[in-house]
Amino acid sequence: IRVGKIVAAEKIPESEKLLKLFIDLAEVEPRQIVAGIGIAYSDVSVLIGKEIPVIANLEPKTFLGHTSFGMLLAADKEGRPVLLHPAEEVPPGSIVK
């Protein structure tokens, strides 16, 4: 699990729930992650700059033709996803212990 910073986000038109996020994990390019958080975050601009925990060592998985190269962690609050984030800013790619 590593901390990543969301650098871009867009809705996947074929789904109400799915968003495509681009996460800075201190790699050569931002990593694309598809996440089912669209109902809670309909305005994707609020996600830009947020630091989130990412499970980075998963096999890629495709959702509606969009490949996800990891998974973000979120809590469930009354059926709505809520993103987790560090209490203070940390560098992208930091390992969660």
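Visitor: Before we look at the sheet, what does it take for two strands to pair?

Guide: Happy to start there, with the reminder that this is a predicted model. Two strands count as a pair if DSSP finds between them a number of bridges that is at least two.

Visitor: Thanks! In what order do the strands of the open sheet of five lie?

Guide: The pairing in this open sheet is antiparallel. β3 (31–35) and β7 (71–72) are its edge strands, each pairing on one side only. Reading across from one edge, the order is β3-β2-β1-β4-β7.

Visitor: How many bridges join β1 to β2?

Guide: β1 covers residues 2–11, and β2 covers residues 19–24. Lys11 has Leu19 in β2 as its bridge partner. The two strands run antiparallel, and the bridges between them number six.

Visitor: And on the β4 side, which residue of β4 stands opposite Arg2?

Guide: β1 and β4 (residues 51–55) run antiparallel and are joined by four bridges. Val3 stands opposite Pro53 in β4. For Arg2, the residue opposite is Val54.

Visitor: Which residue in β7 does Val54 stand opposite?

Guide: Here we step across to an edge strand of the sheet, β7. Two bridges join β4 to β7, and the strands run antiparallel. Opposite Val54 in β7 is Leu72.

Visitor: How many of the five residues of β4 are buried?

Guide: Buried means under 20% relative accessible area. On one side of β4, Glu51, Pro53 and Ile55 are buried, and on the other side Ile52 and Val54 are buried too, which leaves both faces covered. The count of buried residues in β4 is five of five.

Visitor: Let's go inside. Which strand gives the most to the largest nonpolar core?

Guide: The core has 18 residues, and Leu21, Ile23, Ile37, Leu47 and Leu83 touch the most other members. The elements giving two or more residues to this core are β1, β2, β3 and β4. With three residues, the one that gives the most is β2.

Visitor: Which residues is Ile23 in contact with, leaving aside neighbours within four places in sequence?

Guide: Ile23 is one of the core residues that touch the most other members. Among its contacts are Gly4, Lys5 and Ile6, as well as Pro30, Arg31 and Ile33. The list is completed by Ile52 and Val54.

Visitor: Now for open space: what is the volume of the largest pocket?

Guide: Its lining has 14 residues, and Val34, Phe63, Ser68, Gly70 and Met71 lie nearest the centre. β3, β5 (61–63) and β7 each give two or more residues to that lining, with the largest share, three residues, coming from β3. The volume is about 200 Å³.

Visitor: How many residues of that lining are nonpolar?

Guide: The lining can be sorted into three classes. Two of its residues are charged and three are polar. The nonpolar ones number nine.

Visitor: One for the backbone: what is the phi of Leu64?

Guide: Leu64 sits in the loop between β5 and β6 (66–68). Its relative accessible area is 52%, so it counts as exposed. Leu64 is a residue other than glycine with a positive phi, near 50°.

Visitor: Last one: is Glu78 buried or exposed, and at what relative accessible area?

Guide: Glu78 belongs to the loop between β8 (74–77) and β9 (80–83). Although Glu78 is not a glycine, its phi is positive, about 55°. Exposed means over 50%, and Glu78 is exposed because its relative accessible area is 80%.

Notes: Residues are numbered from 1 along each chain as its sequence is written. This is a predicted model: local features need pLDDT of at least 70, side-chain atom pairs count only at pLDDT 80 or more; totals for chains, interfaces and linings use all residues. Side-chain values use heavy atoms; hydrogens and water are left out. On a 1 Å grid over the protein atoms alone, a cavity is a set of points where a 1.4 Å probe fits but cannot get out, and a pocket is an open set with protein on both sides within 12 Å along at least five of seven lines; lining residues have an atom within 4 Å of a point. Grid points are joined across faces, edges and corners, and a volume is the space filled by probe spheres set on the points. Ala, Val, Leu, Ile, Met, Phe, Trp, Tyr, Cys and Pro count as nonpolar, Asp, Glu, Lys and Arg as charged, and the others, Gly among them, as polar. A nonpolar core is a set of buried Ala, Val, Leu, Ile, Met, Phe, Trp, Tyr and Cys residues joined through side-chain atoms within 4.5 Å. Buried means under 20% relative accessible area, exposed over 50%, partly exposed in between (1.4 Å probe, protein chains only). Contact means heavy atoms within 4.5 Å.
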